Amino acid sequence: MQQDLLTPTQTPREAILFSAMLRLPAEVPFAEKAELVEKMLDDLGLMDCADTLIGDEMIRGISGGEKKRTSIGIELVMRPKLIFLDEPTSGLDAFAAHVIMKKVAGLAHSGGCNVLTTIHQPSSEVFHSFDKIMLLRKGEALFFGTPPQLSKGLAACGLACPGEFNLADHALFIVQSEADEKIAQLRTSLPTAASSTSLAADEGLANDSGHDVRTGMMVEQKASAGFAVQAVQLAKRELQGLWRNKPGFIATFLVPTVLNLFFALIFFQVGDTTLGTYETMSHFGGMTQIAIGGMFGSAQPLLLRFPLDRGIFLREYATSTYGAVPYFLSKSLVELPTLFVISCLVYLVSYWLMAFNGSWLLFVLVYWIAGLAAASTALLVGCLVPNAEVAQQAAPALFVPQLLFAGFFIRTSQIPKWLNWVQYLCGLKYGMNLFILNEFGEDTTKEWPEDARRQAKAIVDNNDIDPDRWWVYLLILLVLICAFRLLAILALAKRAEAFF
């Protein structure tokens, strides 16, 4: 691919080993896969940076040329008969481009792999490293042969490359500037009869028996790694991504903790019914603010980040590295404990400061499950939209209905009946139902002052909450989590099918 879509928190060694673990047949022992990875690192000149993070705009990592070589190594480690490189030298200086193409040419000649490359503006060194070249004009072949043949053919047609000029640039200038009549004349004069079949025959690198030239092994094309191996390797990479991105790791836990501590100080002792300043709506507002913050905190990162990560998934899914289900499962395996820890931190800093009365553990569990529902909704939107900018613009449509059906800004009983169906798509609504039952239910309020108990019952009634149907609210949250994630899997898999 033109862009190096690599996981920034992996090292080149880990990225190539990840590809080997999931794409080589399961029958190949781990020791042999590891040995092949080391050979690939050595062949591509990546030993000096093998254990350095790949990096991105936010994480300092390896150079652009090293990223290109890592991308190539990820494909070559599966020992293919053919590899197609789309602009492997884009964004590189002349020397870095020359180093990459020299490595690729060496692997092609010694490794039993044909390499086809699309390239624009190659340097003279890169251009003359190719065994065969094809020039295209409007989708039709204008020339196919070696660089010396191209030079001689153009000279015979009166279009010789001037001294000290780059033959590649000269040929591309002719292709784009000459009239159709001149191009038709060139097409009859220059060699164009060769085909991809003759290319493979001329190079003599591929072997139909599956014999690998580098190792002498017989390699059959078999299924990739099993479901469990895929899930484990993906979960390992996801954990590495969480831990190694230090600023992101700190922000993941510190931001909700500090933010909810700020809320707790604003709503200090708001739930203490014995105070003369007690107000039921302020009590309800403090609890609602924590829930709304949890929704935004769970959904916003996925809504913005997943469109950026999607390119990596599409590349790896399209090359059968893994399936969509283990990919989402691995993300969930990391997301579940992470969000649970955040839930505990949120109520450790807010529960006693705000003088809540319901069960601390129930608050944590509901916050956790409601957060997963919000994250699942954001995940689906992230899979459907084309980029992060559109995802950000779609955020109001995702969050505003959730807020309106939460029961704080308007009583649920006042919402028109013909719009009630929207609530079944709003995880915050059912999270709030459970929060309200925990904080304002009869089991919690039985020892409250009469007036406070009466107002608490009004909150439950005005939001059409039936205490005996708590299990229905929980079930709806679980259904939303599963349904939205399943739809996200299907949407992303469908997009990946049309990727190439």
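**View 1. Lys138 sits in the loop between β3 (133-137) and β4 (140-145).** This is a predicted model, and our tour opens at a residue with a backbone angle worth a look. Lys138 is not a glycine, yet it has a positive phi of about 55°. Is Lys138 buried or exposed? Its relative accessibility is 70%, so Lys138 counts as exposed.

**View 2. Gln121 is another residue with a positive phi, found in the loop between β2 (114-118) and α5 (124-127).** The phi value here is near 50°, and Gln121 is a residue other than glycine. With a relative accessibility of 67%, Gln121 counts as exposed.

**View 3. Glu14 and Arg244 meet in a salt bridge.** Side chains of opposite charge can pair when their charged atoms come close. For Glu14 and Arg244, the closest N and O atoms are 2.6 Å apart. Glu14 belongs to helix α1 and Arg244 to helix α10 (residues 227-244), so their pairing ties together parts that lie 230 residues apart in sequence. Glu14 has 22% relative accessibility and counts as partly exposed. Arg244, at 25%, counts as partly exposed too. If you would like to look for other pairs, a search of the whole structure finds 16 salt bridges.

**View 4. Arg485 and Glu335 form a salt bridge between two helices.** How far apart are the closest N and O atoms of Arg485 and Glu335? They are 2.9 Å apart. Arg485 lies in helix α19 (residues 470-497) and Glu335 in helix α13, so this pair ties together parts that are 150 residues apart in sequence. Arg485 counts as buried because its relative accessibility is 11%, under the 20% cut-off. Glu335 counts as buried as well, at 17% relative accessibility.

**View 5. Asp451 and Arg454 pair up within helix α18 (residues 450-462).** Their side chains meet in a salt bridge with an N to O distance of 2.2 Å. The two residues are 3 apart in the helix, about one turn. Asp451 is partly exposed, its relative accessible area being 41%.

**View 6. Five charged residues are linked in a network of salt bridges.** Which residues take part in the network? They are Arg23, Glu75, Arg237, Arg315 and Glu316. Keep Arg315 and Glu316 in mind, since they return in the next view: both are among the residues nearest the centre of the second largest cavity.

**View 7. The second largest cavity holds about 80 Å³ of space.** Rolling a probe the size of a water molecule over the atoms shows where empty space is left. In this model the count comes to 3 cavities of 30 Å³ or more. The second largest cavity is lined by 13 residues, and Ala15, Phe18, Ile74, Arg315 and Glu316 lie nearest its centre. Helices α1 (12-23) and α12 (280-318) each supply at least two residues of this lining. Which element gives the most to the lining? The answer is α1, with 4 residues. Sorted by class, the lining has 5 nonpolar, 4 polar and 4 charged residues.

**View 8. A nonpolar patch on the surface is formed by Phe227, Val325, Leu329 and Leu333.** Together these residues have about 350 Å² of accessible area. Helix α13 (residues 324-350) gives the most to the patch, with 3 residues. One residue to pick out is Leu333, which lies in helix α13. Leu333 counts as partly exposed, with 46% relative accessibility.

**View 9. Val385 lies in the loop between α14 (360-384) and α15 (388-404).** Is Val385 buried or exposed? At 9% relative accessibility, Val385 counts as buried. Now find Leu303: from C-alpha to C-alpha, Val385 and Leu303 are 9.6 Å apart in space, while 82 residues separate them in sequence.

**View 10. Asp56 has its place in the loop between α2 (30-43) and α3 (64-76).** Its relative accessibility is 32%, so Asp56 counts as partly exposed. How far apart in space are Asp56 and Gly271? Their C-alpha atoms are 46 Å apart, and in sequence the two residues are 215 residues apart.

How values were computed
Residues numbered from 1 in each chain as written. Heavy atoms only, no water. 1 Å grid on protein atoms, 1.4 Å probe; cavity = no way out; pocket = protein on both sides within 12 Å on 5 of 7 lines; lining within 4 Å. Points joined across faces, edges and corners; volume = space filled by probe spheres on them. Nonpolar A, V, L, I, M, F, W, Y, C, P; charged D, E, K, R; others polar. Patch = residues over 30% accessible without salt bridge, like charges linked within 9 Å, V, L, I, M, F, W, Y side chains within 5 Å. Areas by Shrake-Rupley, 256 points an atom, 1.4 Å probe, with all protein chains shown as cover. Salt bridge = Lys/Arg side-chain N within 4 Å of Asp/Glu carboxyl O. Buried < 20%, exposed > 50% of the residue type's maximum accessible area, 1.4 Å probe, protein only.
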